[in-house]
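Open your viewer and get the selection tool ready. We will go stop by stop, with a selection to make at each one and a note on what is there.

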Amino acid sequence: MANLIPAIDVSGSALQAERTRLEIVAGNIGNAQTTRGPDGKAYQRKEVVFETVANQNGVPAAPGQQIGGVKVAKIVDDPSPGQKLYMPGHPHADAQGFVTMPNVNVVDEMVDMMTASRSFEANLQVIKTGRDMVNRSIAIAEA
């Protein structure tokens with residue numbers, strides 16, 4: 001069913017994408033100290049890649065045209081290496097006593113979380129404003 005205000009559909013897709021981003025950031029923070037995963041390696045930070053959704057004609061929107069929204073194109077591992085710490089008593093230490101830590105910086109993750117949260121709030125406000133516009137239009141039409 002078509003929406004009365006297309007911006008609500010666009011904002012709805014952005015809410016879904018930002019929710020996924022928040023889940024990935026939460027996972028990164030939760031694994032910031034995971035030195036060994038199922039593959040035997042330190043946890044690798046994950047990143048969300050967004051993609052523009054094509055409009056109804058199936059082609060990417062040109063500047064000035066209505067766009068279809070945004071979606072999560074893929075979730076990729078950050079290839080940057082993790083820090084090596086000298087911890088000879090650690091169970092995951094190598095022969096020289098170094099432990100490879102995950103490449104997660106908790107401060108960066110918190111900034112990413114705040115950015116995603118603000119984007120989520122902004123898109124939610126667009127939906128609320130669109131709903132208010134429709135309700136006021138209906139009230140004017142009924143008067």
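## The whole chain

Start with everything displayed: among the contacts in the chain with a separation of 6 or more, 61% are between residues 24 or more positions apart. Keep in mind that you are looking at a predicted model. Color by pLDDT if you like: the chain averages 89, and 88% of the residues score at least 70. Confidence is lowest in H1, with a mean of 92, and highest in S4, at 96.

Now switch to a cartoon view. You should find 2 helices and 4 strands, arranged along the sequence as α-β-β-β-β-α. Of the 143 residues in the chain, 24% are buried.

## Stop 1: helix H1

Select residues 6–30. This is H1, a helix of 25 residues that reaches 37 Å from its first C-alpha to its last, close to the 36 Å expected at 1.5 Å a residue.

Next, show side chains for the buried residues of H1. These are Ile 8, Ser 11, Ser 13, Ala 14, Leu 15, Ala 17, Glu 18, Thr 20, Arg 21, Ile 24, Val 25 and Asn 28. What covers the buried residues of H1? Display strand S1 (46–53), strand S2 (69–77) and helix H2 (106–142), which are included in that cover.

Two charged residues in that list deserve a click of their own.

- Pick Glu 18, in helix H1. Glu 18 counts as buried because its relative accessible area is 7%, under the 20% cut-off. Beyond its neighbours within four places in sequence, Glu 18 is in contact with Phe 50, Ala 116, Ser 119 and Phe 120.
- Pick Arg 21, also found in helix H1. Is Arg 21 buried or exposed? At 14% relative accessibility, Arg 21 is buried. Leaving aside neighbours within four places in sequence, Arg 21 is in contact with Val 48, Phe 50, Asp 112, Thr 115 and Ala 116.

With both shells displayed, look for Phe 50 and Ala 116: they appear among the contacts of Glu 18 and among those of Arg 21.

## Stop 2: helix H2 and the helix pair

Select 106–142 for H2. The helix has 37 residues and reaches 53 Å from first C-alpha to last, close to the 54 Å expected at 1.5 Å a residue. Its buried residues are Glu 109, Asp 112, Ala 116, Asn 123, Gly 130 and Val 134, and H1 is included in what covers them.

Keep H1 and H2 on screen together. Two packed helices are described by the angle between their axes and the distance between the axes. Here the axes of H1 and H2 come within 9 Å and cross at roughly 160 degrees. An angle over 145 degrees counts as roughly antiparallel, so that is how H1 and H2 run relative to each other. H1 passes H2 in a left-handed crossing.

For a contrast with the buried residues of H2, click on Val 107, in helix H2. Val 107 is exposed, with a relative accessible area of 58%. Draw a distance from the C-alpha of Val 107 to that of Ile 29: the two are 78 residues apart along the chain and separated by 9.4 Å.

## Stop 3: Pro 102

Move to the loop between S4 and H2, where Pro 102 lies. How is this loop residue classed, buried or exposed? Pro 102 is buried, with a relative accessible area of 6%. Expand the selection to show what surrounds Pro 102: apart from neighbours within four places in sequence, its contacts are Asn 31, Ala 32, Gln 33, Thr 34, Ala 42, Tyr 43 and Gly 82. Add Gln 83 as well, which is 19 residues from Pro 102 in sequence and 7.1 Å away, C-alpha to C-alpha.

## Stop 4: Met 87

Finish at the loop between strand S3 (84–86) and strand S4 (98–100), where you will find Met 87. Met 87 is partly exposed, with a relative accessible area of 30%. Which residues is Met 87 in contact with, leaving aside its neighbours within four places in sequence? Select Ala 93, Gly 97 and Val 99 to see them. One last distance to draw runs from Met 87 to Gly 97: they are 10 residues apart along the chain, and their C-alpha atoms are separated by 5.6 Å.

Key. Residues numbered from 1 in each chain as written. Predicted model: local features only at pLDDT ≥ 70, side-chain atom pairs only at ≥ 80, totals over all residues. Heavy atoms only, no water. Buried < 20%, exposed > 50% of the residue type's maximum accessible area, 1.4 Å probe, protein only. Contact = heavy atoms within 4.5 Å. Expected span 1.5 Å × (residues − 1). pLDDT = per-residue confidence, 0-100. Axes fitted to C-alpha atoms, helices over the stretch in contact; angles between N-to-C directions. Parallel < 35°, antiparallel > 145°, perpendicular 65-115°, else oblique. Left-handed = near helix turned anticlockwise from the far one by under 90°.
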